[in-house]
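Trainee: Hi! Could you walk me through this structure?
Mentor: Gladly, let's open it up.

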Amino acid sequence: MTEQTLVADKAGELRLTAEDKRARYAEIASQLDLVLEGEDDLLAAMTSTVCLLHNAFPYYFWTGFYRRVAEDELLVGPYQGTLGCLRISFARGVCGAAARQRRAQIVPDVAHFPGHIACDSRAVSEIVVPVFDARGDLIGVFDVDSTIPAAFDDVDREALERILANVGRRAATPVVWPGAR
């Protein structure tokens with residue numbers, strides 16, 4: 001199978017119309033279905049998802065997963081962009097709010113979000129979507145930052161929720177083979 005990643009021009013106009021967003025998300029969802037067909041490894045699914053989404057949208061500045069590693073703690077997972085925060089408590093920031101409330105958070109201006117964690121000061125707006133496994137347990141959150149205000153809306157939220165439902169249903173296989181020495 002020949003794969004081609006959609007790469008958006010991040011130097012020109014960063015905003016897309018709702019219609020263009022829907023079309024692009026549909027294209028990425030189709031690509032992910034093909035790329036991940038038969039793949040049950042959660043880390044591989046997360047990595048491929050981040051890659052395809054980050055490159056497809058001009059307004060995506062930082063794109064990645066924070067994996068749930070404790071009852072109320074997230075740890076950075078596969079991502080693309082500048083250095084991310086390593087650990088985030090459910091009690092802090094937009095990622096923590098999405099995990100704690102188990103619902104997507106759309107923040108048009110992060111400067112007005114109480115307790116926002118500034119991993120990169122160039123981030124202006126953000127969307128964070130919780131990710132659930134097949135049983136409905138929270139396994140992490142998907143975080144996207146943008147350098148432009150109010151970059152995200154319900155079109156992004158709805159599409160990301162559909163895409164991430166496909167990611168979360170995969171088995172969490174070990175990152176390293178247990179018999180490795």
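**Sheet, helices and two residues**

Mentor: Let's begin inside the sheet: Arg-67 has Leu-75 in β2 as its bridge partner. Keep in mind that this is a predicted model.

Trainee: Okay, and how many bridges join β1 to β2?
Mentor: There are 6 bridges, and the two strands run antiparallel. β1 and β2 also form a hairpin, with 2 residues between them.

Trainee: What's the strand order in the sheet?
Mentor: The order is β3-β2-β1-β6-β5-β4, an open sheet of 6 strands with antiparallel pairing. The edge strands are β3 (87-89) and β4 (105-107), each of which pairs on one side only. On average, neighbouring strands are turned by 25° against each other, ignoring direction.

Trainee: Which sense does β1 pair with β6 in?
Mentor: Antiparallel, over 6 bridges. Trp-62 is a good residue to click on there, as its bridge partner in β6 is Asp-145.

Trainee: And what stands opposite Glu-126?
Mentor: Asp-145 in β6 again. That belongs to the pairing of β5 (residues 125-132) with β6 (residues 138-146), which is antiparallel over 8 bridges.

Trainee: Now the helices. Which strands does α4 touch?
Mentor: Helix α4 (residues 154-168) packs on the sheet and touches β1, β4, β5 and β6. The direction of α4 makes about 30° with that of β5.

Trainee: How about α3, where does that one lie?
Mentor: Helix α3 (residues 93-101) lies across β1 (62-70), β2 (73-80), β3, β4, β5 and β6. With respect to β5, α3 runs at about 35°.

Trainee: Do tell me about α1 and α4 too. At what angle do their axes cross?
Mentor: Roughly 5°, and the axes come within 10 Å. Angles under 35 degrees count as roughly parallel, so α1 is roughly parallel to α4.

Trainee: Which residues meet there?
Mentor: From α1 you have Ala-18, Lys-21, Arg-22, Tyr-25, Ala-29, Leu-32 and Asp-33. They meet Val-155, Asp-156, Ala-159, Leu-160, Ile-163 and Asn-166 in α4. The residues of this contact divide into 8 nonpolar, 1 polar and 4 charged.

Trainee: Switching topic: is Gln-105 buried or exposed?
Mentor: Gln-105 counts as buried, because its relative accessibility is 8% and the cut-off for buried is under 20%. You'll find Gln-105 in strand β4.

Trainee: What does Gln-105 touch, then?
Mentor: Not counting residues up to four places away in sequence, Gln-105 touches Val-94, Ala-97, Ala-98, Phe-113, Glu-126, Ile-127 and Val-128. You've already met Glu-126, which stands opposite Asp-145. There is also a polar contact of 3.1 Å between the side chains of Gln-105 and Gln-101.

Trainee: One more residue: where is Asp-40?
Mentor: Asp-40 sits in the loop between α1 (18-35) and α2 (42-56). At 44% relative accessibility, Asp-40 counts as partly exposed, because that category runs between 20% and 50%.

Trainee: Which residues is Asp-40 in contact with?
Mentor: Arg-170 and Ala-171, leaving aside the neighbours within four places in sequence. You can also check Arg-169: its C-alpha atom is separated by 8.4 Å from that of Asp-40, though the two residues are 129 apart along the chain.

Trainee: Great, thanks for the tour!

Notes. Residues numbered from 1 in each chain as written. Predicted model: local features only at pLDDT ≥ 70, side-chain atom pairs only at ≥ 80, totals over all residues. Heavy atoms only, no water. Helix = DSSP H or I, 4+ residues; strand = E, 2+ residues; numbered from the N terminus. Buried < 20%, exposed > 50% of the residue type's maximum accessible area, 1.4 Å probe, protein only. Contact = heavy atoms within 4.5 Å. Pairing = 2+ DSSP bridges. Axes fitted to C-alpha atoms, helices over the stretch in contact; angles between N-to-C directions. Polar contact = N/O pair within 3.5 Å; in protein donor to acceptor, adjacent residues only side chain to side chain. Parallel < 35°, antiparallel > 145°, perpendicular 65-115°, else oblique. Nonpolar A, V, L, I, M, F, W, Y, C, P; charged D, E, K, R; others polar.
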